[in-house]
Amino acid sequence: MHSDVAEHGAAERQSASGCAAERRSGRARRCERTPTWQRRAARRVGRQRQRPCCCYVARRCAVDSQETDSRPADPRLSTSVRHPTPFPVVMATFPEFISQNEERDGVRFSWNVWPSSRLEATRMVVPVAALLTPLRERPDLPPIQYEPVLCSRATCRAVLNPMCQVDYRAKLWACNFCYQRNQFPPTYAGISEVNQPAELLPQFSTIEYVVQATRMVVPVAALLTPLRERPDLPPIQYEPVLCSRATCRAVLNPMCQVDYRAKLWACNFCYQRNQFPPTYAGISEVNQPAELLPQFSTIEYVVQRGPQMPLIFLYVVDTCMEDEDLQALKESLQMSLSLLPPTALVGLITFGRMVQVHELGCEGISKSYVFRGNKDLSAKQLQEMLGLTKPSAAQGARGQQAPQQPLSNRFLQPVQKIDMNLTDLLGELQRDPWPVTQGKRSLRSLGSAMSIAVGLLECTFPNTGARIMTFIGGPATQGPGMVVGDELKASANGHIMDIYACALDQTGLLEMKCCSNHTGGYMVMADSFNTSLFKQTFQRVFTKDVQGSFKMAFAATLEIKTSREIKVSGAIGPCVSLNAKGPCVSENEIGTGGTCQWKMCGLDQSTTLALYFEVVNQHNAPIPQGGRGALQFVTQYQHSSGQRRIRVTTIARNWADAQTQIQSIAASFDQEAAAILMARLAVQRAESEEGPDVLRWLDRQLIRLCQKFGDYHKDDPSSFRFSETFSLYPQFMFHLRRSPFLQVFNNSPDESSYYRHHSSILPDRILLMDTFFQILIYHGEEMSEYENFRHLLQAPVDDAQELLHTRFPMPRYIDTEHGGSQARFLLSKVNPSQTHNNMYNWGQESGAPILTDDVSLQVFMDHLKKLAVSSAA
């Protein structure tokens with residue numbers, strides 16, 4: 001065996017000397033016909049290529065020469081100069097070579113010299129393969145605080161590395177994978193043979209970069225309320241001026257540069273120069289249109305073209321409920337008719353074991369079409385059975401003008417025409433007459449009824465705003481149950497699906513949540529249709545503004561335009577993707593991503609979307625001082641008055657270098673908005689991941705944020721300090737972890753779908769708790785003794801009433817006292833700072849103990865500080 005090794009070593013040395021002699025003779029022949037300066041450059045290249053990457057001893061010379069010279073030289077980079085190896089590493093055997101590479105790069109190959117042909121490789125039996133440990137610990141490898149330089153070829157995108165050929169004079173480098181010649185970025189202007197970046201040094205064949213934007217932990221994101229009420233913002237009675245570039249189409253805004261003499265304006269997103277339309281002929285510095293004034297960063301236009309469409313409401317009513325509930329529901333529906341405008345179109349579908357579509361155009365007689373509840377019908381079948389006229393091509397085409405009302409539509413009639421008939425028809429509704437076997441549920445064809453409602457509107461009013469209002473008293477027990485696909489049809493046509501589920505039993509909200517989530521509809525859950533919670537919530541759907549218009553909008557689309565340094569990753573909220581690709585769309589998707597346009601079938605003045613962005617500007621291309629990133633949100637929607645409107649919001653924020661201006665970035669942190677944005681991310685994760693995994697992810701993000709922006713000494717928790725802009729964020733995360741959005745224990749699936757400081761509980765306290773879904777007033781056991789302080793007792797009631805007046809859906813109002821059965825709502829939510837484990841601590845004011853194993857906020861913060869300052873974290 002030893003003799004074999006010796007012979008192998010001799011063969012290697014002979015091969016190395018032969019290769020060297022061949023290279024020398026080749027250089028001599030080339031030098032005879034090349035200029036002096038090229039010969040010098042070639043000699044430098046030759047010297048570097050003769051020397052292996054790690055300067056092994058003679059025994060490894062042949063192997064390393066093969067590894068280096070097997071790459072064909074790029075003919076376009078004839079004067080390329082390889083960097084010198086800073087220090088030699090002597091290794092005598094392959095095991096040492098393998099060990100060195102594993103320690104340095106975390107890679108081990110089955111074969112460390114590769115067969116040069118496919119045939120020979122297949123004969124090796126063991127394939128060419130590698131064991132890779134991507135995050136192998138390297139104490140000598142500090143992360144580099146900038147982003148990598150990438151190959152410019154779209155199909156390659158390899159990272160600059162020590163094996164690339166470099167022309168230091170021309171500031172070019174050739175990719176060693178695709179041989180593409182690339183220009184170094186401006187930040188590499190000082191590069192030379194003696195001033196090389198770390199990624200070109202041989203000892204850094206493995207290197208780690210830090211992407212600056214991702215280090216901020218909380219992503220760059222925004223909460224957008226497209227239709228936020230603005231009494232000082234009157235709609236402008238003309239249409240917006242758009243950028244002429246087809247891939248941009250941004251709207252004229254106060255951040256655009258304007259040449260008043262030439263009547264030109266430059267788009268602040270693509271820098272395209274555009275001519276003002278003839279109607280802007282009188283524009284000047286002292287005569288500016290509203291869209292150029294700084295105070296109108298948000299502006300609303302009224303689209304003049306196209307007809308105005310009436311409001312459309314389709315009631316879908318469950319008749320399989322108790323007589324008391326059904327009577328209360330009928331009264332609420334009759335009340336709603338009095339709140340609708342005279343031109344609004346109304347339809348009625350009732351369902352039990354069968355589904356009835358009521359024809360409202362009949363005079364003096366009730367007429368309806370009855371469908372079997374266990375059969376699913378397509379829109380085309382429904383159209384034929386109901387004898388509906390087919391909408392014109394212009395109506396069915398996506399993106400065309402709003403469709404006209406079909407000539408024959410007996411099922412959706414104006415309120416002013418059928419008000420009395422429909423009121424009588426609702427009053428005559430009876431409980432489903434089909435007999436129910438004892439111990440069995442009523443046969444409720446909920447899925448079929450919703451499918452027929454979607455199909456009816458698809459046939460008669462496609463691509464038009466409409467509202468399907470479904471009232472259910474129990475789960476679907478017959479026919480299609482999960483209504484799969486109907487929410488997609490409804491959202492594609494701009495139809496909203498509301499669900500009002502009032503029952504003590506489960507109603508299947510978990511399975512139907514996508515109907516409301518995708519269409520922007522309301523989902524309301526109560527115990528009975530006879531409760532004030534349902535009645536007041538339903539009445540608030542028809543709230544009007546000061547102009548007398550409903551506070552609701554239909555068939556909206558949202559488009560986002562961004563400056564070049566930032567792209568949109570996605571949206572979380574009541575929207576669906578329109579799959580509109582563009583230069584501002586990020587490859588990293590969050591929520592509903594991969595697009596810059598979304599459709600929202602229904603929205604009101606409080607509808608808020610969470611929008612997430614990615615900073616794509618590379619670290620090696622710094623933004624000039626004072627640079628600003630711009631975003632534009634363009635929302636087109638159908639107003640409740642029937643008008644088509646466009647609301648445009650254009651905003652900008654300053655860029656800052658995270659290395660030198662981290663304090664400025666920290667001071668700009670909005671912890672309330674950040675908590676909401678992270679909560680939406682967590683809830684979205686909870687839909688597809690296990691609860692403990694989501695909580696661990698949330699904890700990791702919080703620890704990273706503390707490490708990034710906290711002020712502390714390593715391994716000293718008592719030294720940890722947070723600035724004011726971050727002080728409340730950990731508390732928000734603590735309560736989010738315990739909220740019903742993430743904690744599904746003790747909640748039914750329907751409740752989880754619907755929902756998605758204890759030391760103050762003292763005998764002489766009154767507490768007001770607002771959890772959005774419940775508003776609770778708690779009276780301590782001694783408060784009954786203070787009747788003379790009536791104004792004190794009335795203060796929390798007044799505050800609660802103010803919250804009840806503005807909240808939608810209507811929260812559950814609870815007024816309880818110490819020992820009351822309703823006090824459990826308070827005890828399950830408050831911070832358990834005093835439990836059965838520490839209730840007897842000496843010297844502390846004693847409150848009511850909480851029987852729970854949850855940690856208190858103080859314990860949570862103590863653990864957070866320990867993890868944040870730990871050197872091992």
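Start with the open sheet in this predicted model: three strands, antiparallel, in the order 6-23-20. Select 221–224 for strand 6 and 566–572 for strand 20. These two stand at the edges with a single partner strand each, so one side of each has no neighbour in the sheet. Look at the twist while you're here: neighbouring strands are turned by 25° against each other on average, ignoring direction.

Now add residues 609–615, which is strand 23. Its antiparallel pairing with strand 6 runs over four bridges. Want one position to zoom in on? Pick A221, which has Y612 of strand 23 standing opposite.

Next, colour residues 671–686. That's helix 15, lying across strand 6, strand 20 and strand 23, and running at about 95° to strand 23.

From here, move on to the largest nonpolar core, which has 41 residues. Which residues have the most contacts inside this core? Y729 and L742, so show both as sticks. Strand 23 and helix 15 turn up again here, since each gives two or more residues to the core. Helix 16 (691–709), helix 17 (729–738) and helix 21 (857–869) do so too.

Stay on L742 and hide its neighbours within four places in sequence. What is L742 still in contact with? A682, V683 and A686, then V694, L695 and L698, and finally L736 and R737.

Last stop: select F313, M321, L329 and L422. They are among the 40 residues of another core, which lies apart from the one around Y729 and L742.

Methods: Residues are numbered from 1 along each chain as its sequence is written. This is a predicted model: local features need pLDDT of at least 70, side-chain atom pairs count only at pLDDT 80 or more; totals for chains, interfaces and linings use all residues. Side-chain values use heavy atoms; hydrogens and water are left out. Two strands pair if DSSP finds at least two bridges between them. Axes are lines fitted to C-alpha atoms, for helices over the stretch in contact, and angles run from 0 to 180 degrees between N-to-C directions. Contact means heavy atoms within 4.5 Å. A nonpolar core is a set of buried Ala, Val, Leu, Ile, Met, Phe, Trp, Tyr and Cys residues joined through side-chain atoms within 4.5 Å. Buried means under 20% relative accessible area, exposed over 50%, partly exposed in between (1.4 Å probe, protein chains only).
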